[in-house]
Amino acid sequence: MSDYVTIASHYGEHSFKAYVARPSGEPKAAVVVIQEIFGVNPGIRHKCDLLAKQGYLAVAPDLFWMLGDDIELDPDVEAQLQQAFDYFGRFNPDEGIRDIESTIKWARQETGGKKVGAVGYCLGGKLAYMTAARTDADASVGYYAVGVPDMLREAHAIANPLMLHIPTADGFVDAEAQKAMHAGLDDHPKVTLYDYEGLDHGFATQFGNRRDEAGAQLADSRTDAFFAEHLA
């Protein structure tokens, strides 16, 4: 069962919409699904639906609410891809992480205090890293996270488990950035990094041309096991 809810921010007086997928029975935990630069599009909603089938309450907050209403973009359409880059340039991740924290608090209340994890992609991968460093999420996962080397100084604040999936041929996270991520995080007791040789940014998208089936299934199986260990 899925629907949309309105979540009130505990920072200021604004509120924002979120897509919610609910399991058939009592949720074993909750997962916040953090969007790419394409908004809460069909792929993000489908990821929520898959998590609900696994028994989680899954919620995807609309983090682009300040940039426009109901933004949904297709990365395989060039004009929409360019629009997404424009949104990315105007998006404030510090404000986004506050909305994610509000979503975590909402999910805890909605599940009666059960654990809450987070999983994000691209921009959402960066925000998953920030979620691990700046919130009390119980476990976080980032796929092809951008901008992490610029935030390694926050690694000391990561208190709960974090997993990052790193495609080695990522056109937006070059080899030097990947090296910096490993140098800064490999020894962290709460962080696990996985490399995916020869795969590119977006390899685990639910739909579209970017998906690599074998790579996506491998990464998702690791995420599933990670959440089963740390949330359920």
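**Salt bridges and overall fold**

Me: How accessible is Glu110?

Reply: Glu110 counts as partly exposed, with a relative accessibility of 39%. Please bear in mind that this is a predicted model.

Me: Which side chain does Glu110 meet in a salt bridge?

Reply: The partner is Arg22, and the N to O distance is 3.0 Å. Glu110 belongs to helix α3 (residues 93-110), while Arg22 sits in the loop between β2 (15-21) and β3 (29-34), so the bridge ties together parts of the chain that are 88 residues apart in sequence.

Me: How many salt bridges are found in the whole structure?

Reply: A search of the whole structure gives 12. One of them joins the side chains of Glu36 and Arg210, again at 3.0 Å from N to O.

Me: Where do Glu36 and Arg210 lie?

Reply: Glu36 is in the loop between β3 and α1 (42-53), and Arg210 is in the loop between β8 (191-196) and α6 (213-230); the pair therefore ties together parts that are 174 residues apart in sequence.

Me: And Glu36, buried or exposed?

Reply: Glu36 is buried, with a relative accessible area of 6%. Its partner Arg210 counts as partly exposed, at 22% relative accessibility. The cut-off for buried is under 20%, so Arg210 at 22% does not count as buried.

Me: What about Asp94, which side chain does it meet?

Reply: The side chains of Asp94 and Arg134 form a salt bridge at 2.7 Å, N to O. This pair links distant parts of the chain, with Asp94 in helix α3 and Arg134 in helix α4, 40 residues apart.

Me: How accessible are those two, Asp94 and Arg134?

Reply: Asp94 is partly exposed, with a relative accessible area of 34%. Arg134 is also partly exposed, at 35%.

Me: Which residues are linked with Asp94 and Arg134 in a network?

Reply: Glu154 joins them, so to speak: Asp94, Arg134 and Glu154 are linked in a network of salt bridges.

Me: Staying with helix α4, where is Gly124 placed?

Reply: Gly124 lies in helix α4, which runs over residues 123-134. Gly124 is buried, and its relative accessible area is 0%.

Me: What is Gly124 in contact with, leaving aside its neighbours within four places in sequence?

Reply: With those neighbours left aside, Gly124 contacts Ile34 and Gln35. As for Leu63, its C-alpha is 9.7 Å from that of Gly124, and the two residues are 61 apart in sequence.

Me: Changing topic: what is the secondary structure of the protein chain?

Reply: The protein chain has 6 helices and 8 strands. Their pattern along the sequence is β-β-β-α-β-α-α-β-α-β-β-α-β-α. The radius of gyration is 16 Å, close to the 17 Å given by the globule rule for 232 residues, so the chain is as compact as a globular protein of that length.

Me: What does the C-alpha trace span along its principal axes?

Reply: The C-alpha trace spans about 40 × 40 × 35 Å. Of the 232 residues, 56% count as buried.

Me: How much of the contacts comes from residues 24 or more positions apart?

Reply: Such residues account for 68% of the contacts with a separation of 6 or more.

Me: And how much area does the protein chain expose?

Reply: The exposed area is about 10,000 Å², of which carbon and sulfur atoms supply 48%.

Me: Finally, how far apart are the mean positions of the positive and negative charges?

Reply: The mean positions of the 20 positive and 35 negative charges are 6 Å apart.

Conventions. Residues numbered from 1 in each chain as written. Predicted model: local features only at pLDDT ≥ 70, side-chain atom pairs only at ≥ 80, totals over all residues. Heavy atoms only, no water. Helix = DSSP H or I, 4+ residues; strand = E, 2+ residues; numbered from the N terminus. Buried < 20%, exposed > 50% of the residue type's maximum accessible area, 1.4 Å probe, protein only. Contact = heavy atoms within 4.5 Å. Rg over C-alpha atoms; globule rule 2.2 N^0.38 Å. Areas by Shrake-Rupley, 256 points an atom, 1.4 Å probe, with all protein chains shown as cover. Lys, Arg positive; Asp, Glu negative; His and termini not counted. Charge placed at Lys NZ, Arg CZ, Asp CG, Glu CD. Salt bridge = Lys/Arg side-chain N within 4 Å of Asp/Glu carboxyl O.
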